[in-house]
Amino acid sequence: DRPCKTLLTGRDNVEFDIPSEMLIARYKPIKDDIQKKTKHPNRKTVKVKSIVPPPDLSEVEKIKRNESFSLFNPTHRERAHKLIRYLMSISDSESFFAACIYYRDRLNTQLYIYAISVAILHRKDTKSVTLPCNVKVFPQFYLNNEDFAKIQEEITVIPETKRKPILVQLRPTANDLDIEHRVAYWREDIGFNLHHWHWHLVYTTGSTQADIKVVKKDRRGELFYYMHQQMIARYNFERLSNQLARVRRRNNFEEPIVEGYYPKIRDLSTNRDFPSRQPFSFWKDVHREIASDGTVVEVNHVYRWRDVIMNAISDKQLLHENGSYISLDSEKGIDYLGDVVESSILSINPKRYGDLHNAGHELTGYIHDPEYKYLEDVGVMGNNATSARDPLFYLWHAYIDDIFVAHKESLAPYTKEELEFSGITVEKITVKVDGGQDNILCTYFQQDETEISNGLENCKRGFVKVRFIHLQHVPFTYHIQVNNKGAKRNGTVRIFMAPRKDERGEEFTLRQQRRLFIELDRFVYTLQNGSTLIKRHSKESSVTIPYDQLFSPDKKENENNDYYCKCGWPDYLLIPKGTTQGLPADLFVMVSDAEKDFVPDTNSQTFCEKKECKSASEYCGLRDKKYPDKRAMGYPFDRLPDTSLISVPKLKEFRAPYKNMKAKKVVIKFDPEVREMPNEDDEKLLV
Ligand code: CUO
């Protein structure tokens with residue numbers, strides 16, 4: 001997993017005994033000299049099985065080690081999946097391990113890491129294998145170049161035990177002359193970008209039908225829609241917290257892109273900075289046939305794919321490549337549509353519906369050099385680890401979300417029967433904030449640390465930590481008083497929150513607000529006859545994973561982390577920032593009938609192999625299991641409500657007929673004082 005070193009030099013505590021015939025030509029004659037140089041007395045030796053000759057993967061090797069790599073590029077995708085297919089086909093663990101070693105020094109680093117990660121995630125014999133957090137593999141994708149200069153200085157000059165954590169600047173890519181910069185703390189947050197990277201690792205698109213084994217997952221297409229819909233909803237909540245309007249949708253493909261972006265991070269493979277995009281750039285046809293990435297995508301393609309998809313939504317059916325029609329119904333329609341729009345190999349007719357969402361990433365990723373005149377590589381939008389840093393990401397995904405909304409709005413509203421839970425009344429909601437006032441959520445910025453030496457070029461120089469700033473909230477507990485007129489039964493408690501007022505300070509209509517509801521938690525609770533007080537702590541949220549699980553904070557890799565379990569919204573970003581005066585929000589609670597919501601064999605306790613690992617099923621699903629909720633994702637806000645008799649319905653009118661729903665007005669208050677970590681114990685922190 002070291003991007004810079006040959007595995008011949010070993011890891012911190014292990015040395016690989018690699019058969020000479022498996023080494024690349026440069027290392028073969030000098031194997032002993034290399035190992036003598038890096039010899040460490042306490043290292044355990046791991047013998048590597050010889051797998052020579054391995055299958056011919058010269059096609060994969062065509063992406064050179066010093067080239068950029070983009071999963072949005074179909075050729076790159078195909079080459080990565082060629083390796084994945086081989087890694088998945090190996091029958092025994094020893095040979096799989098040997099293959100990972102063999103290709104380490106031969107293939108493009110990003111392609112290699114992606115491929116072995118997907119294989120480890122999907123092979124049965126590697127379920128308990130620990131892989132490092134991506135910020136420890138590719139720290140360059142998450143940390144500013146200037147910070148790297150400081151890190152290099154620290155590890156070169158300062159002895160390991162005397163090192164201090166390197167302070168990473170908050171919001172380093174621009175200043176407030178660019179209004180979009182107000183939400184850079186969120187777009188460029190390390191944990192948020194880790195979540196997005198892990199999500200795409202779990203929900204890989206595949207390249208051909210041969211990849212079905214690693215792509216097919218329960219409601220995959222629907223989850224593509226829902227996870228990204230929630231990203232946009234959360235981004236808009238964050239924007240309204242910073243006096244910014246909700247994000248524009250990029251629905252006019254000729255329009256200049258007002259938002260510039262200067263990422264100031266480095267592409268590890270090319271050793272160059274990721275290219276920047278000037279404000280007012282245009283999408284241009286990408287014809288990079290002469291570049292090794294060979295990308296070709298035209299703006300016209302996007303128009304064509306948009307039109308056939310929108311026509312299918314109007315017709316309420318998709319044309320399968322075998323000539324049959326598939327109904328875009330209320331149950332499965334969104335799942336088909338998600339795979340079509342993204343698109344993944346599960347798209348039922350890629351020739352007709354194309355590659356719409358991926359094409360937007362590519363047109364933007366190559367906007368600075370669409371014809372390869374300047375020998376430039378792909379920008380941040382071309383990489384899943386970095387794309388969500390760019391303001392344009394949200395314009396594009398807001399548009400993609402519009403397509404899904406067009407489908408959802410074509411469905412009949414939920415009926416009374418689908419929304420009610422007879423005999424159940426949500427009587428009272430109180431948010432008890434630790435050490436604070438009821439119903440006033442408190443946010444602030446705080447410092448945290450993570451160790452990253454594994455991903456540094458000179459990784460033999462010992463450990464080094466970075467200290468960075470992220471948003472945080474004061475923990476809280478929901479107290480939800482529920483009355484059950486019937487016998488003991490289970491209810492699914494669904495908790496959402498949305499900003500109450502629009503950019504003008506007026507209350508949102510339900511049609512607007514339903515797209516802004518962020519899911520905070522969903523869980524099943526047993527309701528006794530009579531009154532039940534449900535107490536649920538914010539840390540238990542089934543949307544999030546804790547900091548330690550995401551970052552594996554110890555200096556050696558934490559052994560309690562399953563890779564899949566790293567998919568999850570960072571706990572510290574559960575609550576949007578709010579404002580110093582207090583941002584009004586609606587907290588909405590619905591209790592639905594758990595019997596109707598039930599999906600067998602989805603007990604999330606058993607999902608993560610180790611009990612220390614928490615699952616975050618709302619946005620990430622469950623490993624090897626079905627999605628643990630039978631309802632449409634986003635229910636009950638995913639469809640237009642049946643409030644046809646009311647001219648401009650608001651949340652109040654929507655929930656009024658249903659006793660199993662209730663809303664509480666809450667306030668999100670932001671404290672501008674950054675909670676710093678103590679400095680005096682810095683040396684101790686490194687031990
Ligand atoms: Cu996650 Cu466009 O799908 O980045």
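Angles between helices are taken between their N-to-C directions and run from 0 to 180 degrees. With that in hand, we can start our walk through this predicted model at a pair of helices.

Helix H13, covering residues 333-342, packs with helix H16, covering residues 391-409, at an angle of about 155 degrees, and their axes are 11 Å apart. Angles over 145 degrees count as roughly antiparallel, and H13 is therefore roughly antiparallel to H16. The crossing of these two helices is right-handed. On the H13 side, the contact is made by Gly333, Ile334, Leu337 and Val341, while H16 brings Ile400, Ile403, Phe404 and His407. Sorted by class, the contact of H13 with H16 has six nonpolar residues, two polar ones and no charged ones.

H16 has a second partner to visit, helix H11 (220-240). The axes of H11 and H16 come within 10 Å and cross at roughly 125 degrees. The two helices are therefore oblique to each other. Their crossing is left-handed. Which residues make this contact? From H11 come Tyr225, His228, Gln229, Met231, Ile232 and Tyr235, and from H16 come Tyr394, His397, Ala398, Ile400, Asp401 and Phe404. By class, the residues of the contact of H11 with H16 divide into eight nonpolar, three polar and one charged. If you compare the two contacts, you will meet Ile400 and Phe404 of H16 in both of them.

A database record also points to this part of the chain. In an unreviewed entry, UniProt lists residues 390-401 for "domain: Tyrosinase copper-binding". In the model, the chain over residues 390-401 is 92% helix and 0% strand, and the C-alpha atoms at its ends are 17 Å apart.

From the helices we can move on to the sheets. Seven strands form an open sheet with mixed pairing, in the order S3-S12-S11-S20-S19-S14-S15. Strand S3 (166-167) and strand S15 (518-527) stand at its edges; each has a single partner strand, so one side of each is left without a neighbour in the sheet. Further in, strand S11 (residues 440-451) and strand S20 (residues 661-675) run parallel and are joined by six bridges. Two of the pairings can be found by residue: Cys442 has Lys669 of S20 as its bridge partner, and Ile440 has Val667 of S20. Strand S19 (residues 583-593) runs antiparallel to S20, and eight bridges join the two. Here Val667 of S20 appears again, this time standing opposite Pro584. The helix H11 that we met earlier lies across strand S14 (489-499) and S15, running at about 115 degrees to S15.

There is another open sheet to explore. This one has three strands in the order S10-S13-S16, and the pairing is antiparallel. Its edge strands are S10 (424-433) and S16 (530-537), each of which pairs on one side only. How far are neighbouring strands of this sheet turned against each other? On average the turn is 15 degrees, direction ignored. S10 and strand S13 (residues 476-484) pair in the antiparallel sense over nine bridges. For a single pairing to look at, take Lys428, whose bridge partner in S13 is Gln481.

The last stops are a few places in the loops. Most residues other than glycine have a negative phi, and most peptide bonds are trans. Against that background, three places deserve a look. Arg219 is not a glycine, yet it has a positive phi of about 55 degrees. Arg219 sits in the loop between helix H10 (212-215) and H11 (220-240). A cis peptide bond joins Glu342 and Ser343, with omega at about -10 degrees. Ser343 lies in the loop between H13 and helix H14 (350-353), while Glu342 belongs to the residue range 333-342 of H13, the helix where our walk began. The peptide bond from Tyr635 to Pro636 is cis as well, with omega near 10 degrees. Pro636 is found in the loop between helix H21 (617-620) and helix H22 (651-655).

Conventions: Residues are numbered from 1 along each chain as its sequence is written. This is a predicted model: local features need pLDDT of at least 70, side-chain atom pairs count only at pLDDT 80 or more; totals for chains, interfaces and linings use all residues. Helices (H or I, at least four residues) and strands (E, at least two) are DSSP runs, numbered from the N terminus. Angles under 35 degrees count as roughly parallel, over 145 as roughly antiparallel, 65 to 115 as roughly perpendicular and the rest as oblique. A crossing is left-handed if the near helix is turned anticlockwise from the far one by less than a right angle, and right-handed if clockwise. Two residues are in contact if their C-beta atoms, placed from the backbone, lie within 7 Å. Ala, Val, Leu, Ile, Met, Phe, Trp, Tyr, Cys and Pro count as nonpolar, Asp, Glu, Lys and Arg as charged, and the others, Gly among them, as polar. Two strands pair if DSSP finds at least two bridges between them. UniProt positions are given in the numbering used here, feature names are shortened, and annotations may be inferred rather than shown by experiment.
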